[in-house]
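Here's a quick briefing for anyone meeting this structure for the first time. Have a look at the model, then work through the notes below.

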Amino acid sequence: MAIRQIRMAGDPILNKVCKEVKDMTPMLQTLVGDMLDTMYEANGVGLAAPQVGILRRIAVIDIGEGPIVMVNPVILEQDGEQTGDEGCLSLPGKAGQVTRPNHVVIRAFDEHMESYELEGTELLARALCHEIGHLDGHMYTELVTGGLHDVEYDD
C-alpha cells in the first residue's frame, strides 16, 4: 500500500459532494488500503476519500478498536448531544468545539460491498459524522463555535 498526500483546508475538492460507489474495483480496493495507511501514518482516527483527492463515497475510521471501512455510508438515526474538541487531518494543528450527536446508527458497505449497520456513541459517533460530512463536501470548521485553537501533540 502507499501513503497518499492529504489535501489541506482551502482545496476546492474538499467542498465537493462525492459520487456513490457502484462496484468495488481493484483501483478502489487499493484506495481503501492506501487510505488506512495514510490515516495511520498521520495519526488520525478517520479519513475520507476527498481528503486524498478522490471524489468517491469512501471513508475509513479507527478509534483504537480496529479499522472500519465505510462505502456509501448513510446516517439512519442520530440522537443525544456531545460537545468537544474536534480536529481534522486536512487542518493539522488546529481544533475547535463542535456539537455532534452522541449516538448514531449508519448503514454502509464494507470493502467487499457487503452491507452492514453500525451503531456508535461518543468518539465513534463523532468520527462517523465527521467523515460522512466530508463525503457531502463539508468540513468540521463549519460547525465550530468559539473559533479554532492550536493543538499541541505529544510525541
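Of the 155 residues in the chain, 47% count as buried. Keep in mind that this is a predicted model. The chain is built from 2 helices and 8 strands, and the notes below go from the overall picture down to a few single residues.

**Overall build**

- Walk along the sequence and you'll meet the pattern α-β-β-β-β-β-β-β-α-β.
- How does the radius of gyration sit with that of a compact globule? A compact globule of 155 residues would come out near 15 Å, and the chain has 15 Å, so the two agree.
- If you drew a box around the C-alpha atoms along the principal axes, it would be roughly 40 × 35 × 30 Å.
- Take the contacts between residues at least 6 apart in sequence: 66% of them join residues at least 24 apart.

**Surface and charge**

- The accessible surface adds up to about 8,100 Å². Carbon and sulfur atoms account for 49% of that.
- On the charge side, there are 11 positive and 26 negative side chains. The centres of these two sets lie 11 Å apart.

**Strand E2 and its partners**

- Which residues of strand E2 (residues 58–61) are buried on each side? Ile58 and Val60 are buried on one side, and Ala59 and Ile61 are buried on the other, so to speak a strand with both faces covered.
- Strand E1 (residues 46–48) pairs with E2 in the antiparallel sense, using 3 bridges. Gly46 has Ile61 in E2 as its bridge partner.
- E2 also pairs with strand E3 (residues 68–79), again in the antiparallel sense, and here there are 4 bridges.
- Ile61 turns up once more in this pairing, standing opposite Ile68 in E3.
- E2 and E3 make a hairpin with 6 residues between them. In its turn, Gly64 has a positive phi of about 110°.

**The E6–E7 hairpin**

- Strand E6 (residues 103–109) and strand E7 (residues 115–121) pair in the antiparallel sense over 7 bridges.
- One of the matched pairs is Arg107 with its bridge partner Glu117 in E7.
- This hairpin has 5 residues between the strands, and Met113 takes a positive phi near 65°.

**Two residues to find in the model**

- Where is Gly53? Look in the loop between E1 and E2.
- Leaving out residues up to four places away in sequence, Gly53 touches Arg7 and Ile13. Ile13 is 40 residues from Gly53 in sequence, yet their C-alpha atoms are 6.6 Å apart in space.
- Glu122 belongs to helix H2 (residues 122–135).
- Is Glu122 buried or exposed? Its relative accessibility is 52%, and because exposed means over 50%, Glu122 counts as exposed.
- Again leaving out residues up to four places away in sequence, Glu122 touches Gln82 and Asn102.
- Glu122 and Arg100 are 22 residues apart along the chain, and from C-alpha to C-alpha they are 9.1 Å apart.

Key. Residues are numbered from 1 along each chain as its sequence is written. This is a predicted model: local features need pLDDT of at least 70, side-chain atom pairs count only at pLDDT 80 or more; totals for chains, interfaces and linings use all residues. Side-chain values use heavy atoms; hydrogens and water are left out. The radius of gyration is taken over C-alpha atoms; the globule rule is 2.2 Å times the number of residues to the power 0.38. Buried means under 20% relative accessible area, exposed over 50%, partly exposed in between (1.4 Å probe, protein chains only). Contact means heavy atoms within 4.5 Å. Accessible areas come from the Shrake-Rupley method with a 1.4 Å probe; for residues, only the protein chains shown count as cover. Lys and Arg count as positive and Asp and Glu as negative; His and the chain ends are not counted. The place of a charge is taken as NZ of Lys, CZ of Arg, CG of Asp or CD of Glu. Two strands pair if DSSP finds at least two bridges between them.
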